[in-house]
Amino acid sequence: MTWWQRSVVYQIYPRSFMDSDGDGMGDLRGITAKLDYLHTLGVDVVWLCPVYPHGGVDGGYDITDYRGIAPEYGTLADWQELLAGLHTRGMKLVMDLVVNHTSDRHPWFLEARKGVGSPHRDYYLWEPGRDGGPPSNWGSHFGGSAWQLDPATGEYYLHLFAPEQPDLNWASPTVRREVYDLMRFWLDLGIDGFRMDTINMLSKAPGYPDTAPGSDYAYPLAEEHFLNGPELLTYLREMHAEVLSAYDVMTVGETPGVNPDQAAVLTDPQTGPLSMVFQFDHMALDKDTGSARPRWTTVPYSVPELKAVLGRWQTGLHGRGWNSLYLSNHDVPRMVSRYGDDGAYRVASAKLLATLLFTLQGTPYVYQGDELGVPNAKFTSIDDYRDVDTLNLYREEVTEGGRDPADILAMIHNKGRDNARTPMPWNAGPGAGFTTGTPWIPLNPTYADINAEAALADPDSVYWYYRDLIRLRRGHPAIVDGRYDDLRPTHDTLYAYLRTHAQEQLLVLLNFGGAVLDLDGVLEIPANAELLIGNYAAPGEVPSGTLQPWEARVYVTRTVEETGTPG
Ligand code: NOJ
């Protein structure tokens with residue numbers, strides 16, 4: 001086992017974590033001031049979303065300088081202090097690597113757009129138009145065509161995200177060399193790895209073929225033409241050989257649309273270029289796939305489907321690759337609102353979801369605030385939102401499309417990215433203890449009750465349960481390395497699985513839902529099972545054969561030889 005297979009990662013969205021200078025934006029010194037909070041929680045690695053100078057369009061994912069720190073976050077010296085603070089505490093730092101695209105204000109792009117003869121022209125992807133329009137019907141992730149006309153040259157450039165985020169041309173060896181150099185810059189400063197933004201979009205289908213429309217939208221997402229493209233593995237293997245192989249680091253690739261077999265190739269312990277990938281199958285379970293905008297829709301997810309998806313990844317990568325485990329991040333809703341019950345059972349369901357996250361095989365990722373059970377922030381006015389994706393949706397549907405604002409706000413309440421981006425609630429005081437100024441985005445209205453100070457003072461809080469789960473994980477090789485077996489794959493609300501390792505077997509019981517579940521006739525808890533952790537019963541207790549709403553239990557059932565398979 002490597003260090004990153006035993007680690008728990010904590011994801012920080014820097015502008016919303018902690019503001020040290022009262023400008024309303026989180027910053028590096030703010031993060032450094034909170035390292036003991038993270039250390040007490042027990043996480044091993046911090047993944048820092050982008051802190052580089054940027055164009056201000058996509059929360060830092062539109063970089064203008066790969067080797068700098070944005071002034072609102074501080075200086076390189078502040079960053080070094082953060083790194084040292086982490087390392088002193090035995091923690092590690094993973095930086096975001098955003099190299100599918102740059103900002104349109106990056107010097108490379110400013111040079112490239114000077115003319116077709118610019119030496120930087122082929123750093124990006126340019127094409128002539130077709131029939132007076134864009135070169136193909138590809139849509140951008142944030143709405144509209146993925147092609148932007150450059151009036152000076154009459155050519156279009158590709159941007160899979162906002163027009164201000166032109167895609168880099170990975171077919172160019174010069175571009176690849178530039179990227180490898182900037183990676184070495186950070187690695188030589190002592191970082192411990194990279195989270196690689198949309199890394200499986202680097203290789204586009206030659207000729208940019210049209211995609212089948214599939215909906216009323218003129219510009220559909222042409223995923224089959226840019227996800228896992230023909231040269232992807234070549235590029236990533238080269239990156240590994242040229243750069244990563246020289247350092248003891250972890251990498252996690254963001255790879256939408258990847259399946260377990262592809263992920264096994266990417267993360268093969270001997271030949272894989274990456275340590276692990278973020279897959280998205282479980283993020284699709286509550287989408288209405290038949291609708292024009294599936295990503296913005298919400299339908300109840302089915303627990304058997306959740307089990308099927310997670311199970312496919314657990315067994316698909318066991319012994320072949322490595323899973324990352326996550327239920328939320330800065331791009332998706334809060335996990336307790338999405339998969340749990342953020343009303344009457346907020347605390348219980350947040351703990352149940354954490355039990356799932358920490359007892360599967362893979363490296364768990366905690367997104368800031370989830371350890372407090374922070375729910376979605378449902379702002380009532382579009383003026384309170386900041387995310388480009390959210391604002392584009394509202395503009396297209398309401399301002400231009402004439403739809404009822406209430407319908408679109410309902411979509412945003414469930415699926416908007418700003419749900420996860422409201423400031424970290426540190427206490428119930430002004431600015432939630434996040435800032436002494438005006439926060440860049442309004443606070444989640446729940447901060448008076450749901451905040452870190454309250455959680456630290458309450459022994460039954462979600463925070464301490466996370467701490468206990470992280471400790472438990474450390475002490476049980478079956479969690480990190482054991483085989484996974486789903487005991488009741490088709491049951492509507494019970495998620496029950498075994499984690500089996502040479503010397504021990506764990507049994508995890510999760511009651512997904514607000515109804516009491518009598519296990520009689522469903523599953524028998526072995527007589528020798530010892531409770532290790534639970535969100536209702538305390539360790540060592542002998543709880544009944546009935547699961548309470550959103551109850552979670554982890555048992556150890558002694559050695560494999562003694563127990564066999566319960567139930
Ligand atoms: C994925 C990032 O997580 C998201 O925040 C960003 O908008 C896109 N990639 C584009 O960089």
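The shell of residues around the ligand divides into 3 nonpolar, 3 polar and 7 charged. The structure described here is a predicted model, and the ligand site is a good place to start reading it. There are 13 residues around the ligand, and those that come nearest are Asp-58, His-101, Asp-197, His-330 and Asp-331. Two of these histidines also offer polar side-chain atoms to the ligand: in His-101 an N or O atom of the side chain is 2.9 Å from a ligand oxygen, and in His-330 a polar side-chain atom lies 2.8 Å from an oxygen atom of the ligand. The protein covers 98% of the 300 Å² of accessible area that the ligand has on its own. Arg-195 joins the picture as well, with a polar side-chain atom 3.0 Å from an oxygen of the ligand.

Helix α8 can be followed from end to end. The helix runs over residues 303-317, and because each residue should add 1.5 Å, its 15 residues are expected to span 21 Å; the C-alpha atoms at its ends are indeed 21 Å apart, in agreement with that expectation. The N-terminal end of α8 is capped by Ser-302, where a side-chain oxygen lies 3.0 Å from the backbone nitrogen of Glu-305. Beyond the helix comes Gly-319, which has a positive phi near 75°.

Between these two ends, the buried residues of α8 are Val-303, Leu-306, Lys-307, Val-309, Leu-310, Gly-311, Trp-313, Gln-314, Gly-316 and Leu-317. In an α-helix there are 3.6 residues a turn, so residues three or four places apart point the same way. That spacing is handy to keep in mind when viewing the helix. The cover over the buried residues of α8 includes the helices α7 (260-266) and α10 (346-359), together with the strands β10 (324-325), β12 (483-486) and β13 (494-500).

Leu-306 gives a closer view of this helix. The residue sits in α8 and counts as buried because its relative accessible area is 2%, under the 20% cut-off. Leaving out residues up to four places away in sequence, Leu-306 touches His-282, Leu-285, Tyr-301 and Phe-512. As a landmark for orientation, the C-alpha atom of Leu-306 is separated by 26 Å from that of Arg-474, a residue 168 places away along the chain.

Helix α12 (residues 405-415) can be described in a similar way. At its start, a side-chain oxygen of Asp-404 reaches to within 3.0 Å of the backbone nitrogen of Ala-406. The buried residues of α12 are Ile-408, Leu-409, Met-411, Ile-412, His-413 and Lys-415, and they pack against α9 (335-338) and α11 (388-399).

Several loop residues are also worth a visit. Ser-461 lies in the loop that links α13 (452-457) to α14 (462-475), and its relative accessibility of 6% is why it counts as buried. A polar atom of the Ser-461 side chain lies 2.8 Å from the backbone oxygen of Ala-455. Apart from residues up to four places away in sequence, Ser-461 touches Lys-351 and Ala-455, so Ala-455 appears both in this list of contacts and in the polar pair.

Glu-164 is placed in the loop between β6 (155-158) and α5 (173-188). With 28% relative accessibility, this residue counts as partly exposed. Its contacts, leaving aside neighbours within four places in sequence, are Val-57, Asp-62, Thr-102, Ser-103 and Asp-104. The C-alpha atoms of Glu-164 and Gln-148 are 9.3 Å apart, with the two positions 16 residues apart along the chain.

Two further loop residues stand out for their backbone angles. Asn-228 has a positive phi of about 55° although it is not a glycine. The loop that holds Asn-228 runs between β7 (193-196) and α6 (232-242), and Asn-228 counts as partly exposed because its relative accessibility is 22%. Trp-550, another residue other than glycine, has a positive phi near 55°. This tryptophan is found in the loop between β17 (546-547) and β18 (552-556); at 7% relative accessibility, Trp-550 counts as buried.

Key
Residues numbered from 1 in each chain as written. Predicted model: local features only at pLDDT ≥ 70, side-chain atom pairs only at ≥ 80, totals over all residues. Heavy atoms only, no water. Near = heavy atom within 4 Å. Polar contact = N/O pair within 3.5 Å; in protein donor to acceptor, adjacent residues only side chain to side chain. Areas by Shrake-Rupley, 256 points an atom, 1.4 Å probe, with all protein chains shown as cover. Nonpolar A, V, L, I, M, F, W, Y, C, P; charged D, E, K, R; others polar. Helix = DSSP H or I, 4+ residues; strand = E, 2+ residues; numbered from the N terminus. Expected span 1.5 Å × (residues − 1). Buried < 20%, exposed > 50% of the residue type's maximum accessible area, 1.4 Å probe, protein only. Contact = heavy atoms within 4.5 Å.
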